[in-house]
Amino acid sequence: MSAITNHMPTAELQALDAAHHMHPFTNGDELNAKGARVITRAKGVTLTDSEGNQILDAMAGLWCVNIGYGREELAEVAARQMRELPYYNTFFQTTHVPAIALANKLAELAPGDLNHVFFAGSGSEANDTNIRMVRTYWAMKGKPTKSVIISRKNAYHGSSVGSGSLGGMTYMHAQGGMPIPDIHHINQPHWYAEGGDMTPEEFGLARARELEEAILELGEDRVAAFIAEPVQGAGGVIIPPETYWPEIQRICDKYEILLIADEVICGFGRTGTWFGSITMGLRPDIMTIAKGLSSGYQPIGGSIVSDEVAAVIGSGEFNHGYTYSGHPVAAAVALENLRILEEERVVDHVRDVAAPHLKAKWEALSDHPLVGEARIIGLMGSLALTPHKDSRAKFASDAGTVGLICRERCFANNLVMRHVGDRMIISPPLVITPEEIDTLIARATKALDECHAELK
Ligand code: PLP
């Protein structure tokens, strides 16, 4: 077979793709009928596809390319590390400089006493680590019955059997034997969709208190941990009411439940501080990290854990690990990514420049006839599409039909915006400039207008 290259016609690449490549979260029939969009290169916030279209990526890939595409420094670090030490493991009392350096840097950046890192290859793997780690922690403390992990409906914590079970996506649970035992899901703090007649503040408290009810129902002696994203991402960028997190923290403290903050999306600047836990005022015992850790340039994730949890786990042997835990090339690239985030003051740029500029324009989209709510925190935002602006009504069509139309209109206008049901969401690279934000808003407005016209 001749080499497959970027220079081949799109249709040929699509046919070869459909013939042998199985895609995540993709309908196979649609893939065969329409073909995949082929992305050939990227720079800054802009993707180029095989047709030469220049597309503004308002999702930073999958919420991960925080420093933007095309940074030569990361390529150079990767090549240098591959020449020096392309691989060695961190099992059996062995280590190497990239893993040492990255763990030390993360301990410096993470809040509170989160000073110890267990590396994984992805966010899913890190959350699988967390399941085993919190259960092992309680067992080593002489409380082996504390094994239940409480999570939330419509949460996303990954796609492996363990992390997918932690997640609260029913369409995922319907396939492949999930959830695993001893995972319990409570309701999410999604006021717009589920708040009824309550104020957001009342609703936030009510939803947080479901954690206390679940602990009392299951038995305090059975609950190991509560896991949540500071701001739910894949569930639709759901920013909880202000009353929610303080109450959750109070309940975790009262019942000695470990708090796991899944920072896979919120970490590394997304909400305008280094971690969503800082933005939300949380004191987690464990943080899950991935994505922005390397800006997606290399697959790497991990769990940053407290002194207390590390001391207990470290008092024996934790029979857990991945071939690529602390992979030297991934660790070196992540370290370089963190250097860029710090030295170029990217988190300050989000807080002081990009987020305020985007917030004003994004929230103004709530004036659009199709938009019931426009919310944003840092550089992650959502639009709730609705047929009746003032009632938070849902469309009569199947959930997601209108969102899908809008996403297609975005694509047609060279904008990647994702839909979750009938919510449109964005999470652009953190380095996005005010001018690029204006382009994003102009394209989003045009897509909304076209979607609105199509529905008439
Ligand atoms: N946790 C959260 C909050 C995520 O958004 C994701 C991925 O989107 C994951 C975990 C899983 O990460 P990965 O896809 O790297 O396994």
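This is a tour of a predicted model, stop by stop, with what to select and what is found there.

Residues are numbered from 1 along each chain as its sequence is written. Because the model is predicted, local features need pLDDT of at least 70 and side-chain atom pairs count only at pLDDT 80 or more, while totals for chains, interfaces and linings use all residues. Helices (H or I, at least four residues) and strands (E, at least two) are DSSP runs, numbered from the N terminus.

**Stop 1: the ligand**

Select the ligand and the 16 residues around it; a residue belongs here if its C-beta atom, placed from the backbone, lies within 6 Å. Ser122, Gly123, Ser124, Gly158 and Val264 come nearest. Helix α6, residues 123-140, gives the most to this shell, with three residues. By class the shell has six nonpolar, eight polar and two charged residues. Here Ala, Val, Leu, Ile, Met, Phe, Trp, Tyr, Cys and Pro count as nonpolar, Asp, Glu, Lys and Arg as charged, and the others, Gly among them, as polar.

**Stop 2: the seven-stranded sheet**

Next, select the strands in the order β4-β10-β9-β8-β7-β5-β6, which form an open sheet with mixed pairing; two strands pair if DSSP finds at least two bridges between them. β4 (114-120) and β6 (183-186) stand at the edges with a single partner strand each, so one side of each is left without a neighbour in the sheet. From one strand to the next the twist averages 25 degrees.

Within the sheet, β9 (residues 286-289) and β10 (residues 301-306) run antiparallel and are joined by four bridges. Look for Ile289, which stands opposite Gly302 in β10.

Now add helix α5 (residues 97-109), which lies across β4 and β10 and runs at about 135 degrees to β4. Angles run from 0 to 180 degrees between N-to-C directions, and axes are lines fitted to C-alpha atoms, for helices over the stretch in contact. Helix α10 also packs on the sheet, touching β5 (148-152), β6 and β7 (223-228), and its direction makes about 145 degrees with that of β6.

**Stop 3: α10 and α11**

Keep α10 (residues 200-218) and add α11 (residues 244-254): the two pack at an angle of about 20 degrees, with their axes 8 Å apart. They are therefore roughly parallel to each other, a label for angles under 35 degrees. Gly204, Leu205, Arg207, Ala208, Arg209, Leu211 and Glu212 in α10 meet Tyr244, Glu247, Ile248 and Ile251 in α11; contact requires C-beta atoms, placed from the backbone, within 7 Å. This contact has six nonpolar, one polar and four charged residues.

**Stop 4: the four-stranded sheet**

Select β11-β12-β15-β14, four strands in that order in an open sheet with antiparallel pairing. The edge strands, each pairing on one side only, are β11 (371-377) and β14 (418-420). The twist averages 20 degrees from one strand to the next. β14 pairs with β15 (residues 423-426) over three bridges, and Val420 has Arg423 in β15 as its bridge partner. Helix α15 (residues 346-364) packs on this sheet, touching β11 and β12 (380-385), with its direction at about 170 degrees to that of β11.

**Stop 5: α16 and α17**

Finish with α16 (residues 401-412) and α17 (residues 434-455), which pack at an angle of about 130 degrees with axes 8 Å apart. That makes α16 oblique to α17. Residues in the contact include Val402, Ile405 and Cys406 of α16 and Arg443, Ala444 and Ala447 of α17. By class the contact has nine nonpolar, no polar and four charged residues.

Conventions:
Parallel < 35°, antiparallel > 145°, perpendicular 65-115°, else oblique. Contact = placed C-beta atoms within 7 Å.
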